[in-house]
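This briefing walks through one chain, topic by topic, for a reader who wants to follow along in the viewer. Please keep the sequence and the structure open side by side while reading.

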Amino acid sequence: MLKDITLGQYFPGTSLAHRLDPRTKLLLTVIYIVALFCAKSFFSYLLIALVLFTGIKVSGVAPKALVRGLKPILFIICFTAVLNLFYTPGETLASFWIFKITKEGIFTAFFMVLRITMLIMGTFLLTYTTSPIALTDGMEALLGPLKRVRVPVHELAMMMSIALRFIPTLIEETDKIMSAQKARGADFESGNLIERAKALVPILVPLFISAFRRADELAVAMECRCYHGGEGRTKLHVLRYKPRDYLVLAAYAAVLAGVLVLARFGL
């Protein structure tokens, strides 16, 4: 299960998606999420699905990598579908005990599962095709106007970048600790909920120790390199928009406009 968590991983490549400006990809992700939450009908979701599949094809990322990333949240998806299926008011199709399945509930559950799945896959595509350093630069550039009101934009972007960078590292560390504990006879799968929670203590303690040790080593390394925040710092790679960035942004804006029109006319 831990190996299925792919958040924060970056797959190097030379595709169009990899070569886009990180600011463009962040804006595309925002537009994609807004369009997804504005979608109200089958045609709207079909349009967004076409955009998602096109992005996957262009990026060169294997679809199974995106599907594998859905496994850790499969329970949340199923739980959300069940809640919408039984607790959405409308025309009753079947009922038993306190549960009632409605026509509207079936459609709502289907579209909710579709929305969550496409949301996760679309946002994962951002981290798969953008390195943490590029994400930091892009986020800092987009939030740059907030510096005028003394918001520590550079520090916030740096923290988010470090968090994304260390997610795969901590997952790998957790997997190693679990394997070591299993080799010593630990059992994490049998027993009731309380017993399973107690069995996690031998994992959490060394994991927290390792995380704090890595944080301390990172802080010392940054101090040795005279890091004092973003003030006065220059960029090794200066971000510049290219024609392809404007074209892709225009295409996504057209998709968002199409979704809004479809939602306006109930299509």
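Phe124 and Tyr128 are both buried, and the two residues lie in helix α6 (residues 103-129), four residues apart, which is about one turn of the helix. The model in which they appear is a predicted one, and the points below, grouped by topic, should be read with that in mind.

**Aromatic rings and a charge over a ring**

- An α-helix has 3.6 residues a turn, so residues three or four places apart point the same way.
- The chain has seven aromatic pairs; one of them joins Phe124 and Tyr128, whose ring centres are 5.9 Å apart and whose planes stand at 45° to each other, a geometry classed as tilted.
- Elsewhere, Tyr45, Phe110 and Phe111 are linked by ring pairs into a cluster.
- Another kind of contact with a ring involves Arg23, the charged end of which sits over the ring of Tyr241 at 4.2 Å from the ring centre.

**Helix α4 and what covers it**

- In helix α4, which spans residues 63-70, the buried residues are Ala65, Leu66, Gly69 and Leu70.
- Viewed down the axis of α4, these buried residues fall within an arc of 150°, and they therefore line one face of the helix.
- Pro63 and Lys64, by contrast, are exposed on the other side of α4.
- The cover over the buried residues of α4 includes α3 (42-59), α5 (74-86) and α6, the last of these being the helix that also holds Phe124 and Tyr128.

**The two strands**

- Strand β1 (residues 92-96) pairs with strand β2 (residues 99-102) in the antiparallel sense, and the pairing runs over four bridges.
- Within this pairing, Thr92 stands opposite Thr102 in β2, while Ser95 has Lys100 of β2 as its bridge partner.
- The hairpin formed by β1 and β2 has two residues between the strands, and Trp97 in this hairpin takes a positive phi near 55°.

**Val34 and a distant part of the sequence**

- Val34 belongs to helix α2, and with a relative accessibility of 37% this residue counts as partly exposed, because that class lies between the limit for buried, under 20%, and the limit for exposed, over 50%.
- Although 225 residues separate Val34 from Val259 in sequence, their C-alpha atoms are 9.7 Å apart in space.
- Over the chain as a whole, among contacts between residues at least 6 apart in sequence, 72% join residues at least 24 apart.

**The chain as a whole**

- The chain contains eleven helices and two strands, and these follow one another along the sequence in the pattern α-α-α-α-α-β-β-α-α-α-α-α-α.
- Taken along the principal axes, the C-alpha atoms of the chain fill a box of roughly 65 × 60 × 40 Å.
- The chain has 267 residues, of which 35% count as buried.

**Confidence of the prediction**

- The average pLDDT of the chain is 82, and 94% of the residues score at least 70.
- Among the elements of the chain, the highest mean pLDDT, 91, belongs to helix α2 (residues 22-38), whereas the lowest, 73, belongs to helix α9 (residues 193-199).
- Val34, discussed above for its separation from Val259 in sequence and space, thus falls within the helix that has the highest mean pLDDT among the elements.

Technical notes: Residues are numbered from 1 along each chain as its sequence is written. This is a predicted model: local features need pLDDT of at least 70, side-chain atom pairs count only at pLDDT 80 or more; totals for chains, interfaces and linings use all residues. Side-chain values use heavy atoms; hydrogens and water are left out. pLDDT is the predictor's confidence in each residue, from 0 to 100. Two strands pair if DSSP finds at least two bridges between them. Rings of Phe, Tyr and Trp (its six-membered ring) pair if their centres lie within 6.5 Å; planes under 30 degrees apart count as stacked, over 60 as edge-to-face and the rest as tilted. Buried means under 20% relative accessible area, exposed over 50%, partly exposed in between (1.4 Å probe, protein chains only). A charge sits over a ring if NZ of Lys or CZ of Arg is within 6 Å of the ring centre and within 35 degrees of the ring normal. The arc is that of the directions from the helix axis to the C-beta atoms. Contact means heavy atoms within 4.5 Å.
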